[in-house]
Amino acid sequence: MTANSTQQTNNTSITYTIGELAKEFDITTRSIRFYEDAQLLSPTRNGQTRVYSPKDRTRLKLVLRGKRLGFSLQETKTIFELYDNEDTEEKQLHIMLELIEDKKQKLIQQQQDIADVLKDLSELESGCKDSLAKL
């Protein structure tokens, strides 16, 4: 929380501005507005000013972490909806495990595809070097 964050003494509610979150997470305010448009964040308004709650801050952190891990915004939204709408932790965990398994399988396939391309490139490189040596 920066010096500009508001702390109300009657209910100790902490809020953040879009600029504070952008600075904290080293992203642009445009990115934050994009995540808001994608319905991943839902700040309140004080006139024209967006006011972000600790929940919004946590969600932004999770969006960025999910992005780093290769989750799409739709997958992240599904996870958020799951935790917002599901009553049972067991169902949440089962769905989360399915998403993780799916992501792992996609990464394993990408890893194999990269290995195949590297092998093909090495063979091509070797052929080029052999051809050059013969010239």
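In this predicted model, helix H2 has a buried side made up of Ile32, Tyr35 and Glu36. These residues span an arc of only 105° around the axis, so they end up on the same side of H2. That fits a simple rule: an α-helix has 3.6 residues a turn, so residues three or four places apart point the same way. Turn to the face of H2 that looks away from this buried side, and the exposed residues Arg30 and Asp37 appear. As for what the buried residues of H2 pack against, the list takes in H1, strand E3 (44–46), strand E4 (49–51), helix H3 (54–68) and H4.

One of those neighbours, H1, has buried residues too, namely Ile18, Glu20, Leu21, Ala22 and Phe25. Their cover includes strand E2 (14–15), along with H2, E4 and H3. H1 and H2 thus turn up in each other's surroundings: H2 helps cover the buried residues of H1, and H1 is listed among the elements that the buried residues of H2 pack against.

How do these two helices sit together? A pair of packed helices is described by the angle between their axes and the distance between the axes. For H1 (residues 18–25) and H2 (residues 29–37), the axes come within 9 Å and cross at roughly 110°. Angles from 65 to 115 degrees count as roughly perpendicular, so H1 is roughly perpendicular to H2. On the H1 side, the contact is made by Ile18, Gly19, Leu21 and Ala22, and H2 brings in Thr29, Ile32 and Arg33. Sorted by class, that contact has four nonpolar, two polar and one charged residues. Ile32 shows up twice here, as a buried residue of H2 and as part of the contact with H1.

The spots just past these helices also deserve a look. Right after H1 comes Asp26, with a positive phi of about 55°. Asp26 lies in the loop between H1 and H2, and its positive phi belongs to a residue other than glycine. With a relative accessible area of 73%, over the 50% cut-off, Asp26 counts as exposed. Something similar follows H2, where Gln39 has a positive phi near 65°. Gln39 is not a glycine either, and its place is in the loop between H2 and E3. Its relative accessible area is 56%, so Gln39 is exposed.

Further along the chain, helix H4 (residues 73–85) packs with H5 at an angle of about 165°, their axes being 10 Å apart. An angle over 145 degrees counts as roughly antiparallel, so that is how H4 runs relative to H5. The crossing of the two is left-handed. Glu75, Ile79, Leu82 and Tyr83 are the H4 residues involved, and they meet Gln92, Leu93, Ile95, Met96, Leu99, Asp102, Lys103 and Lys106 of H5. By class, the tally for this contact is seven nonpolar, one polar and four charged residues.

H5 (residues 89–134) also holds Lys104. Lys104 is partly exposed, its relative accessible area being 45%. Between the C-alpha atoms of Lys104 and Gly70 there is a separation of 10.0 Å, although the two residues are 34 positions apart along the chain.

Technical notes
Residues are numbered from 1 along each chain as its sequence is written. This is a predicted model: local features need pLDDT of at least 70, side-chain atom pairs count only at pLDDT 80 or more; totals for chains, interfaces and linings use all residues. Side-chain values use heavy atoms; hydrogens and water are left out. Helices (H or I, at least four residues) and strands (E, at least two) are DSSP runs, numbered from the N terminus. Buried means under 20% relative accessible area, exposed over 50%, partly exposed in between (1.4 Å probe, protein chains only). Axes are lines fitted to C-alpha atoms, for helices over the stretch in contact, and angles run from 0 to 180 degrees between N-to-C directions. Angles under 35 degrees count as roughly parallel, over 145 as roughly antiparallel, 65 to 115 as roughly perpendicular and the rest as oblique. Contact means heavy atoms within 4.5 Å. Ala, Val, Leu, Ile, Met, Phe, Trp, Tyr, Cys and Pro count as nonpolar, Asp, Glu, Lys and Arg as charged, and the others, Gly among them, as polar. A crossing is left-handed if the near helix is turned anticlockwise from the far one by less than a right angle, and right-handed if clockwise. The arc is that of the directions from the helix axis to the C-beta atoms.
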